[in-house]
Amino acid sequence: MTPANVPYGSWPSPISPELVTVAAVSIGELAAGGGDLWWSELRPEEGGRTQIVRCDLAGSRRDVLPEGFAARTRVHEYGGGAWWLDGDVLFFCNWDDLRVYPLDSDADPVALTPEPVVRHGDRYADGGLTPDGHWVIAVNEHHEGASEGAHDEPVNRLVAFDAKRPGETVVVAEGSDFYANPRVSPDGSWLAWLEWQHPDMPWDSTELFVAPLVVDSHGIRVDHSARRRLAGPGEWLFQPEWGPDGSLWFASDRTG
């Protein structure tokens, strides 16, 4: 066999970019709901689309999101927390418009959150439902730039919106530079969340707060007059979660 003489990097190879990326599907977040296991898959062969997969106890799995939808968000630019479950009802932030959609049937999802004045002007993440299933509480990053890509300073806050039908959002916490992990207690009477301020990163200094959550005929709100700080600042706080008995658990680096 006579070797071919070709410029560097241009020789033919059975290993193509497509072959490399097709095997690079990455598994993301995991959740349990409706008796099944759910997870996200970032799929390079679908243009970087993030699909949600549902797997039952028999090992049978199926893609959940219809064509044209992808579960991904741009909150804090890092993304993450783009979907959550209420039983077997999926709520997800759609990558195309960054609005929140529910999915509980084979019908095309309909956005719950309003269309912002500026494209991608409202971004959502890390949501959860009140125990009665009526309200979603999530992180919201609000941009007021005159056009997409404008270099405005975003406003971070916690918002609530109806889990059953499209409508406006209600701001339940604002004033800090960043918010994360809004979590409703099992009896629905308390909201816990994390917040931190510029120039800190969350692993530098974070604060954990709880406050009464009020849901009545007037809607939903947080009673900030009774707000309590449980931990921070000066420590890294992470992943607050309520136990079934109403205990609040969280991770901290205070002891190293």
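Start by selecting A70 and N94: the backbone nitrogen of A70 lies 3.0 Å from a polar atom of the N94 side chain. Keep in mind throughout the tour that this is a predicted model.

**Stop 1: around N94**

Stay on N94 and colour the strands on either side. N94 sits in the loop that runs between β6 (89-93) and β7 (100-103). Is N94 buried or exposed? Its relative accessibility is 3%, and because buried means under 20%, N94 counts as buried. Now show what surrounds this residue. Setting aside neighbours within four places in sequence, N94 is in contact with G68, F69, A70, R72, R99 and Y101. Keep R72 from that list on display, as you will meet R72 again at the pocket.

**Stop 2: the β6–β7 hairpin**

Next, select residues 89-103 to take in both strands and the loop. β6 and β7 pair in the antiparallel sense over 4 bridges. To see the register, pick L90 in your viewer; standing opposite is L103 in β7.

The hairpin has 6 residues between the strands, and L98 takes a positive phi there. What is the value of phi at L98? Phi is near 65 degrees, a positive value in a residue other than glycine. L98 is found in the loop between β6 and β7, and L98 is buried, with a relative accessible area of 0%.

Move along into β7 and turn on the side chains. In a regular strand the side chains alternate between the two faces of the sheet. Here V100 and P102 point one way from β7, while Y101 and L103 point the other way. Which of these four are buried? All of them are, so both directions from β7 lead to buried side chains.

**Stop 3: D122, a link back to L98**

With L98 still highlighted, select D122 in strand β8 (residues 122-129). Leaving out residues up to four places away in sequence, D122 touches L98, P116, N140, E141, H142 and R157. Zoom in on N140 from that set: the side chains of D122 and N140 make a polar contact at 3.3 Å. D122 counts as buried, at 11% relative accessibility.

**Stop 4: the second largest pocket**

Now switch to a surface view and find the second largest pocket, which holds about 260 Å³ of space. To centre your view, select E29, T50, A71, R72 and G80, which are the closest to the pocket centre of the 19 residues that line it. R72 is also one of the contacts of N94 from the first stop.

Which strand gives the most to this lining? That is β1, with 4 residues. Both β1 (26-33) and β2 (36-43) supply at least two residues each, so colour these two strands to follow them into the pocket wall. If you colour the lining by residue class, you will see 7 nonpolar, 7 polar and 5 charged residues.

**Stop 5: E77, another positive phi**

Go to E77, in the loop between β4 (61-63) and β5 (83-86). E77 is not a glycine, yet has a positive phi of about 65 degrees. Is E77 buried or exposed? With a relative accessible area of 54%, E77 is exposed, whereas L98 is buried.

**Stop 6: two cis peptide bonds**

Select H198 and P199, which are joined by a cis peptide bond with omega about 0 degrees. P199 lies in the loop between β13 (190-196) and β14 (206-216).

Then jump to G232 and P233, where another cis peptide bond has omega of about 0 degrees. P233 has its place in strand β16 (residues 228-235) and is partly exposed, with a relative accessible area of 47%. Not counting residues up to four places away in sequence, P233 touches S205, T206 and E207. Draw a C-alpha to C-alpha distance from P233 to D204 as well: the two are 8.8 Å apart in space and 29 residues apart in sequence.

**Stop 7: the β17–β18 hairpin**

Finish at strands β17 (residues 237-242) and β18 (residues 248-252), which run antiparallel and are joined by 4 bridges. Pick W242, whose bridge partner in β18 is L248. This hairpin has 5 residues between the strands, where G246 takes a positive phi near 90 degrees.

Conventions. Residues are numbered from 1 along each chain as its sequence is written. This is a predicted model: local features need pLDDT of at least 70, side-chain atom pairs count only at pLDDT 80 or more; totals for chains, interfaces and linings use all residues. Side-chain values use heavy atoms; hydrogens and water are left out. Buried means under 20% relative accessible area, exposed over 50%, partly exposed in between (1.4 Å probe, protein chains only). A polar contact is a pair of N or O atoms within 3.5 Å; within protein, one must be able to donate a hydrogen and the other to accept it, and residues adjacent in sequence count only if both atoms are side-chain atoms. Contact means heavy atoms within 4.5 Å. On a 1 Å grid over the protein atoms alone, a cavity is a set of points where a 1.4 Å probe fits but cannot get out, and a pocket is an open set with protein on both sides within 12 Å along at least five of seven lines; lining residues have an atom within 4 Å of a point. Grid points are joined across faces, edges and corners, and a volume is the space filled by probe spheres set on the points. Ala, Val, Leu, Ile, Met, Phe, Trp, Tyr, Cys and Pro count as nonpolar, Asp, Glu, Lys and Arg as charged, and the others, Gly among them, as polar. Two strands pair if DSSP finds at least two bridges between them.
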